[in-house]
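Trainee: Before I rely on any of the labels attached to this model, I would like to go through the reasoning behind a few of them.

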Amino acid sequence: MLYLTVDQFPVFVPLGIIGFIRYLWFSIRVLGWATYRPVPLPENPTYVASEDVTIIVPTIDAGEEFKDAARSWLVGDPKEVLIITEEKMLGPLQDLANAVDPRRIRVLTVPFANKRLQMSHGIKNTTTDIIVFADDDAIWPPTLLPYCLACFEDQRVGGVGTSQRVQPVGSTMTLWEVLAAFRLTIRNIEIAAANHIDSGLPCLSGRTAAYRSIILKDPEFLHGFTHDFWLGKYQLNSGDDKFLTRWMVSHGWLTLVQVCKEAELLSTMKPNWRFLKQVLRWTRNTWRSDIRSLFTERYVWTQHPYVAWTMVDKLINPFTLLIGPILVMIVVYKSTIPIEQGGFHLPWWNVLGSWMVWLSATRTAKLLPHLWKRPQDIIYVPAFIAFGYYFAVMKLYALCTLHETGWGTRTGIGNIAEATAAMDAQNKVDQGKAIAPVKVNPDGNYELSSTKSTAFYSQGGLLSPSAVGGGGETGIQQRFPFRRDETPSPRDRGYTT
C-alpha cells in the first residue's frame, strides 16, 4: 500500500504516498483559499451597470421562480435583460417578463431550443460593453453586479465569475440538495485558491458569469461557439461555460472570480435523483474540456500552471479514490493471516474501523466551511462519503461515454445539427442588418460600437474607444488581444501592456 506509516501503531493509519501527495495538494489549496481576497469596489468605476451591462438568460422552461430571479437582477440596475427562448415559448416567457418589468426585460426567440444558439443570438442583440450570462433561477445579492464590474477595471480581464450556494426548492434541503451544497462549498474553495495562486480558473460557471462584449462579438468566437464538435463529429450544446473559459485562456485574457458574500448567488439544484443526471452531464463536459485544455490546446500549462495541475488531479482522482478500498481490503485479508506467515499485526475489525474513522475525519475537514454555517448537515457526511465513491465510478462511466452529448435533465432540447443549420440560414438572411454592432472594415479591422464607445481592433491590437456622436477621444487607450490577420491563430493574439 506504499505505507508512510509503521506497522507498530495500535490503529490502522491508511496514509500512503498517493494519499500524502493528495493531502499536500489539498493543503496548498486551503492556503490559497485562506489568503484569497476579492477585488474591492473602485472609488470611480469605469463601468456602470445602467449603461454598460446586458444580462442574457437562455431558457426554455422558466417558471414562477423566474420572477424572483429577475427581480434580483434588476436590483443591480442593468441596462437590459434579454430572455432568449424558442419560438413556441414566446407567449409564456413574455407574460413572465411583463409581470416583472416589460420596459427592461425583452424576450427574443430562436427557431429551435439550443443553449449555445440562444446565447449567440443574445450576444448579437446587445449594445453594451459587458454581457452577463445567467441561469433563469439564479438569485443575485444586490451588490453582485458592482463587484463583478470592479474586476473589469483591469483591462487584461476578459471574464468574471462568482461564488455560489444552494437555494432549496422546498422549505428544507433534501439529501440531494445537501450533496450539491457540499460540492459547491468545495468548488468555492477551489476557484478562490486557483484565482489567487495564478489568476486562472478551471471554469467560469454558466450559472452567472460576466464577459467583455468585445470578446464575444468576434465572428471567430461566434462561429466556434456554435460549431463546437467533440472528435470532429459530435456537436456540443452543453459545456458552453467550459468553451468560454478555454477561449479566454487561449486568447490571452485573464479570468477572475469574486468569492465573497457580496457576489454570492443562490441557485436551485435538482431536489431528487435527477441531480445525478446533472452531475453526469457536468462530468462529461469536464472530461471533454480538460482533455482539450491539457493535451490539445495546452495553453493552460503556461498561462495557469496551477489550474493545469488541478485538472490533472481531477483526471486521476477516480483511479486513486477507487484503489484505496481495494488496498484496504488487501490489508483486511492479511489481518486474517497469522503474523508469522506474513499477516498484518492488527485484527480486521481494527483495520476497517480505523479506515472508517479516517474517512469521516478527512471528509468532514473538507466540509468545515459549510458545516460552520449549517452544522445540522453533519448527518449527511456518510452520504457524502458514499457519493464520493459513486461519483468516481460515474466519472469512469462518463469517460467511456463522451460521445453522449444530450442534455439529460431537460425535455424539449432540439436536434443540435438542425438547430445550427436553421440559425446559419437565419444569419445569412440577417447579413447587412444592424442586429449586431460589429462590422469588419475594408482594411480587415473589427469595429464595435456600443452606447459608450466605438472600438477598433487594429492590426497591432490597439483599441481606441471614442465617444459615439461626440467624436472625441475618451482618454482611454487600451490594448486587447484580438486582431485580424491573414492567417489568424489564437496565439497571435498576445496581450501587450
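Trainee: Which ring does the charged end of R183 sit over?

Mentor: This is a predicted model, and in it the charged end of R183 sits over the ring of F391, 5.0 Å from its centre. That distance is within the 6 Å allowed for such a placement. F391 also belongs to a cluster that ring pairs form with F275, W282, F387 and Y390.

Trainee: What makes the pair of Y23 and W358 edge-to-face?

Mentor: The search of the whole structure finds 18 aromatic pairs. For Y23 and W358 the ring centres are 6.0 Å apart and the planes stand at 80 degrees; since centres must lie within 6.5 Å and planes over 60 degrees apart count as edge-to-face, both conditions are satisfied.

Trainee: Why is this pair said to tie together parts that are 335 residues apart in sequence?

Mentor: Because Y23 lies in helix 1 (residues 17-35), whereas W358 lies in helix 14 (residues 348-366).

Trainee: How do you know whether Y23 and W358 are buried or exposed?

Mentor: Y23 has 27% relative accessibility and W358 has 25%; buried means under 20% and exposed over 50%, so Y23 counts as partly exposed, and so does W358.

Trainee: What makes the approach of the Q303 side chain to V249 a polar contact?

Mentor: A polar atom of the Q303 side chain lies 3.2 Å from the backbone oxygen of V249, which is within the 3.5 Å cut-off. Q303 is found in helix 12 (residues 299-303).

Definitions and conventions:
Residues are numbered from 1 along each chain as its sequence is written. This is a predicted model: local features need pLDDT of at least 70, side-chain atom pairs count only at pLDDT 80 or more; totals for chains, interfaces and linings use all residues. Side-chain values use heavy atoms; hydrogens and water are left out. Rings of Phe, Tyr and Trp (its six-membered ring) pair if their centres lie within 6.5 Å; planes under 30 degrees apart count as stacked, over 60 as edge-to-face and the rest as tilted. Helices (H or I, at least four residues) and strands (E, at least two) are DSSP runs, numbered from the N terminus. Buried means under 20% relative accessible area, exposed over 50%, partly exposed in between (1.4 Å probe, protein chains only). A charge sits over a ring if NZ of Lys or CZ of Arg is within 6 Å of the ring centre and within 35 degrees of the ring normal. A polar contact is a pair of N or O atoms within 3.5 Å; within protein, one must be able to donate a hydrogen and the other to accept it, and residues adjacent in sequence count only if both atoms are side-chain atoms.
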